[in-house]
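Visitor: I would like a close look at a single part of this molecule, with its surroundings explained as you go. Could you choose one stretch and take me through it carefully?

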Amino acid sequence: MKPIGYWLNRTDKALTTYMNNMLEEFGLTRTAWQVLNVIRDTPEAGDSDVLSALAANADAATLTGAIDTVLADGWAHRPAPSRLDLTPAGHQRLAEVAVRVDAFRELSTTGISPDEYRTAVHVLEHMTRNLEMATATDR
């Protein structure tokens, strides 16, 4: 059996590759889609909110580039300096993307029960917290 690190890396690569290919027709990447979700879900979102929420997903330069992309492509706008909000067209287009993302989630969890999924997430969360706590105490 391959170790969990192997499967974590391979799963993340598979998720990213599939999502990037699926989202390409919308002019998005997985990271840009994640940025849009933070903007949608965070009242009066700012760049710092996006960077903080997605720090585990990508580095600051990648996230800043994704913010620039969603602004340039009309998904979002700046209602005030350092603030981000979806445009009306961005809301509509994100709803269209959600249909594809739902199908992606269904595909990626085929043959996995809701209980198995919850267990997998719980195990990964627990492992992460164990290691983060150990790292913090080693300093």
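**Helix 2 and its surroundings**

Guide: Leu-28 is a good place to start, since, leaving aside residues up to four places away in sequence, Leu-28 touches Asn-20, Leu-23, Leu-36, Val-70, Trp-75 and Val-97. Please keep in mind throughout that this is a predicted model. Together with Val-35 and Val-70, Leu-28 touches the most other members of the largest nonpolar core, a set of 26 residues. Helix 1, helix 2, helix 4 and helix 5 each supply at least two residues of this core, and the largest share, six residues, comes from helix 2.

That share leads to helix 2 itself, which takes in residues 30-41 and has twelve residues; at 1.5 Å a residue they should span 16 Å, and the end C-alpha atoms are indeed 16 Å apart, so the expected and modelled lengths agree. Helix 2 is mostly covered, with ten of its twelve residues buried. The buried residues are Arg-30, Thr-31, Ala-32, Trp-33, Gln-34, Val-35, Leu-36, Asn-37, Val-38 and Ile-39. As for what covers them, the buried residues of helix 2 pack against helix 1, helix 3 (47-53), helix 4 (60-72), strand 1 (76-77), strand 2 (85-86) and helix 5 (88-108).

Among the buried residues of helix 2, Arg-30 deserves a separate word, because its relative accessible area is 17% and the cut-off for buried is under 20%. The side chain of Arg-30 meets that of Asp-12 in a salt bridge, at 3.0 Å from N to O. Since Asp-12 lies in helix 1 and Arg-30 in helix 2, this pair ties together parts that are 18 residues apart in sequence. The partner, Asp-12, counts as partly exposed because its relative accessibility is 40%.

A second salt bridge involves the loop before helix 2: Glu-25 pairs with Arg-100, and their closest N and O atoms are 2.7 Å apart. Because Glu-25 lies in the loop between helix 1 and helix 2 while Arg-100 lies in helix 5, the pair ties together parts that are 75 residues apart in sequence. Glu-25 is exposed, with a relative accessible area of 59%, and Arg-100 is partly exposed, at 31%. The structure holds six salt bridges, and one of them, between the side chains of Asp-115 and Arg-118 at 2.3 Å from N to O, has both residues in helix 6, three residues apart, about one turn of the helix.

Helix 6 also brings us to the surface, where Ile-4, Leu-8, Val-123, Leu-124 and Met-127 form a nonpolar patch with about 350 Å² of accessible area together. The elements giving two or more residues to this patch are helix 1 (4-23) and helix 6 (114-138), and helix 6 contributes the largest share, three residues. Leu-124, which lies in helix 6, counts as partly exposed because its relative accessibility is 32%.

To place helix 2 in the whole, the chain has six helices and two strands, running α-α-α-α-β-β-α-α from the N terminus on. Of the 139 residues of the chain, 24% count as buried. Taken along the principal axes, the C-alpha atoms fill a box of roughly 50 × 40 × 25 Å. Among contacts with a separation of 6 or more, 50% are between residues 24 or more positions apart.

Definitions and conventions
Residues are numbered from 1 along each chain as its sequence is written. This is a predicted model: local features need pLDDT of at least 70, side-chain atom pairs count only at pLDDT 80 or more; totals for chains, interfaces and linings use all residues. Side-chain values use heavy atoms; hydrogens and water are left out. Patches are made of residues with over 30% relative accessible area and no salt bridge: like charges are joined within 9 Å, nonpolar side chains (Val, Leu, Ile, Met, Phe, Trp, Tyr) within 5 Å. Accessible areas come from the Shrake-Rupley method with a 1.4 Å probe; for residues, only the protein chains shown count as cover. A salt bridge is a side-chain nitrogen of Lys or Arg within 4 Å of a carboxyl oxygen of Asp or Glu. Helices (H or I, at least four residues) and strands (E, at least two) are DSSP runs, numbered from the N terminus. Buried means under 20% relative accessible area, exposed over 50%, partly exposed in between (1.4 Å probe, protein chains only). The expected span of a helix is 1.5 Å times one less than its number of residues. Contact means heavy atoms within 4.5 Å. A nonpolar core is a set of buried Ala, Val, Leu, Ile, Met, Phe, Trp, Tyr and Cys residues joined through side-chain atoms within 4.5 Å.
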